[in-house]
Amino acid sequence: MRATRAFLLSSVLLFFGSLFAYGQNKSGILLSGGAGTLDNEFVSPMTAGQIGRSFDLEYNYDLHLGYRYRLRQNDWLFWDLDALFGIKSFRKGILTGYGSTYVTCANGDRHLNYYLALSPSANAFLYKELYAGVGIEPTWYLYRAGDDGMGFDLPAAVKLGYDFGRFSIEGAFKMGLIRHAETNLLEKNRRKEFQLSLFIPLW
């Protein structure tokens with residue numbers, strides 16, 4: 001078992017070492033923003049004790065600032081590693097009623113939620129400087145206003161962008177892989193979002 005772990009660790013280190021040795025790289029500032037939706041699914045049957053409970057009802061917007069390291073491995077393949085600090089705005093909902101086929105709720109306050117994320121992706125050039133990529137984005141919430149739930153999320157990302165040389169512009173669709181259930185209230189509360197990003201290389 002130890003030999004297997006040592007072999008895997010050595011292979012990973014050798015792989016990344018070869019990327020840094022033979023690739024071309026650049027790094028710089030990443031500015032992004034977007035909006036999205038929450039796919040709420042309530043438990044059934046509901047109980048009267050849930051009336052008055054709050055939950056994330058609407059996903060308003062996301063703004064984040066980051067630093068990107070881009071490694072060009074060859075003529076068509078490159079890797080991005082993004083470190084992000086951001087703010088997500090959600091509107092709370094308050095459960096006011098339910099039935100066998102419906103749920104009613106009132107709008108609550110808007111809350112800002114602060115997070116850190118690490119976003120690695122693999123990318124390939126499709127035509128000239130047009131590229132597409134896939135990745136994951138482990139996200140840790142530093143602070144969630146009025147709520148102590150959902151401290152971690154893991155969205156998958158698909159992106160399409162264009163590298164203009166001095167800067168890159170890309171759009172990304174992200175979907176949470178974790179179903180954030182709330183006991184006796186929500187079966188899931190999965191997040192979907194679309195973001196636009198501007199990457200400005202400094203080095």
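In this predicted model, one aromatic cluster is formed by three residues, namely F78, F125 and Y131. Across the structure as a whole, ten aromatic pairs are found. In general, such a pair of aromatic rings is described by two quantities, the distance of the centres and the angle of the planes.

One of the pairs joins F42 and F55, whose ring centres lie 5.3 Å apart and whose planes stand at 90 degrees to each other, an arrangement that is edge-to-face. Because F42 belongs to strand β1 (residues 24–42) and F55 to strand β2 (residues 54–72), this pair ties together parts of the chain that are 13 residues apart in sequence. With regard to solvent accessibility, F42 is partly exposed, having a relative accessible area of 22%, whereas F55, at 0% relative accessibility, counts as buried.

A further pair is made by Y115 and Y141, and since the ring centres are 6.2 Å apart with the planes at 55 degrees, the pair is classed as tilted. Distant parts of the chain are linked by this pair, with Y115 located in strand β4 (residues 103–127) and Y141 in strand β6 (residues 139–144), 26 residues apart. Both Y115 and Y141 are buried.

Apart from the contacts between rings, a charged group is also found over an aromatic ring, in that the charged end of R68 sits over the ring of F199, at 5.3 Å from the centre of that ring.

Technical notes: Residues numbered from 1 in each chain as written. Predicted model: local features only at pLDDT ≥ 70, side-chain atom pairs only at ≥ 80, totals over all residues. Heavy atoms only, no water. Phe/Tyr/Trp six-rings, centres within 6.5 Å; stacked < 30°, edge-to-face > 60°. Helix = DSSP H or I, 4+ residues; strand = E, 2+ residues; numbered from the N terminus. Buried < 20%, exposed > 50% of the residue type's maximum accessible area, 1.4 Å probe, protein only. Lys NZ or Arg CZ within 6 Å of the ring centre and 35° of its normal.
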